[in-house]
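Visitor: I am new to this one. Please choose a single part and take me through it closely.

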Amino acid sequence: FLFQVDPAYTGRVGASEAALFLKKSGLSDIILGKIWDLADPEGKGYLDKQGFYVALRLVACAQNGHEVNLSSLNLTVPPPKFHDTSSPLLITPPSTEAHWAVRVEEKAKFDGIFESLLPVNGLLSGDKVKPVLMNSKLPLDILGRVWDLSDIDKDGHLDKDEFAVAMHLVYRALEKEPVPSLLPPSLIPPSKRKKTPVFPGAVPVLPASPPPKDSLRSTPTHG
C-alpha cells in the first residue's frame, strides 16, 4: 500500500495523496476525517510510515463495523479493502509526474533550455549537451557521471526527460549534493520506468567529438 502512495520512498504521504487513497476504501468523509485525526495526531499535514499504518488499521476496523478509535487498533481484523488497488494509483499524468524528483517548475525551465539547443527529432546529441554541462564548471568526472546517469537508454542522445535529469543532477551538484553512482528510482522519468537497462560497471565518459579520420585507420605494419 505504502509503495502505491509513496513510490519515491520519501517516507511521507501528503494529505492530498492520502485522501485520494483513503477515499477508495468507500468509507464516509466523516469517518475518514476521524481516521486522519488519529493517524496524524500532531496535525503535521502528512503521514509518516507509522501514521499510514495506523490509518490502514483504522480503515480495516471501520470496514468491519468497529468504532474508529485507538483501542480498535488492537483488534484482529482482515486487511483493509480498497477499490481498484490492482491498477496504479492516481493515473492522471500530472499526479504521476508529481512522483518524479524533477519538480514541475524545474522541468519547465529545463524544457526551455532544451528547446533553445535546437533538438533534432526531439533529441540532443552529446556535442550539443556538452557545452551546457561544461558551463556549470563542475569537475569533468562529475559531469561524466551526470551524462552517464541521464542517458538512460544509452543511445548517446538525451531526450527532453533525460535532459531534465541531467540538469537536475547538475543543479544538485552545484548545491554540493553528491551525484549518485546509480540513478535513484525517483529520478527515472515516468516515461522511462520499467525498461531502464542497467549497465553494471559502465564507465561514465563525456560525449566527445568524433575522432579524426586518421585515427580510425589501422596503422600499417612495416614488415
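**A close look at the EF-hand stretch**

Guide: In an unreviewed entry, UniProt lists residues 138–173 as "domain: EF-hand". UniProt positions follow the numbering used here, feature names are shortened, and annotations may be inferred rather than shown by experiment. The model is predicted: local features need pLDDT of at least 70, side-chain atom pairs count only at pLDDT 80 or more, and totals for chains, interfaces and linings use all residues. Residues are numbered from 1 along each chain as its sequence is written, and side-chain values use heavy atoms, leaving out hydrogens and water.

Start with the fold. Over residues 138–173 the chain is 69% helix and 6% strand. The C-alpha atoms at the two ends are 8 Å apart. Helices (H or I, at least four residues) and strands (E, at least two) are DSSP runs, numbered from the N terminus.

Now the core. A nonpolar core is a set of buried Ala, Val, Leu, Ile, Met, Phe, Trp, Tyr and Cys residues joined through side-chain atoms within 4.5 Å. Buried means under 20% relative accessible area, exposed over 50%, and partly exposed in between (1.4 Å probe, protein chains only). The largest nonpolar core holds 28 residues. Those touching the most other members are Val129, Leu133, Val146, Phe163, Leu169, Val170 and Leu183. Four elements each give two or more residues to this core: α6 (104–116), α7 (126–135), α8 (140–150) and α9 (160–174). Of these, α9 gives the most, with eight residues.

Take Leu183. Leaving aside residues up to four places away in sequence, Leu183 touches Leu149, Ile152, Val165, Leu169 and Ile188; contact here means heavy atoms within 4.5 Å. Another core, of 19 residues, lies apart from the largest one. Its members include Phe21, Leu47, Leu58 and Ala62. In soluble globular proteins, nonpolar side chains tend to be buried together.

Next, a polar link. Ser191 sits in the loop between α9 and α10 (213–216). Ser191 is partly exposed, at 37% relative accessible area. Its partner is Asp161, 30 residues away along the chain, with 8.0 Å between the C-alpha atoms. Their side chains make a polar contact of 2.8 Å. A polar contact is a pair of N or O atoms within 3.5 Å; within protein, one must be able to donate a hydrogen and the other to accept it, and residues adjacent in sequence count only if both atoms are side-chain atoms.

Then the charges. A salt bridge is a side-chain nitrogen of Lys or Arg within 4 Å of a carboxyl oxygen of Asp or Glu. By this rule there are eleven salt bridges. Lys154 pairs with Asp148, the closest N and O atoms being 3.9 Å apart. Lys154 is partly exposed, with a relative accessible area of 31%. Asp148 counts as buried, at 18% relative accessibility.

Lys192 and Asp159 form another salt bridge, with the closest N and O atoms 2.4 Å apart. Lys192 is in the loop between α9 and α10 and Asp159 in the loop between β4 (157–158) and α9, so the pair ties together parts 33 residues apart in sequence. Both Lys192 and Asp159 are buried. Salt bridges that share partners also join Glu106, Arg172, Glu175 and Glu177 into one network.

Finish at α6. Asp111 and Lys107 meet there in a salt bridge of 2.8 Å, N to O. The two lie four residues apart in helix α6, about one turn. Both are buried.
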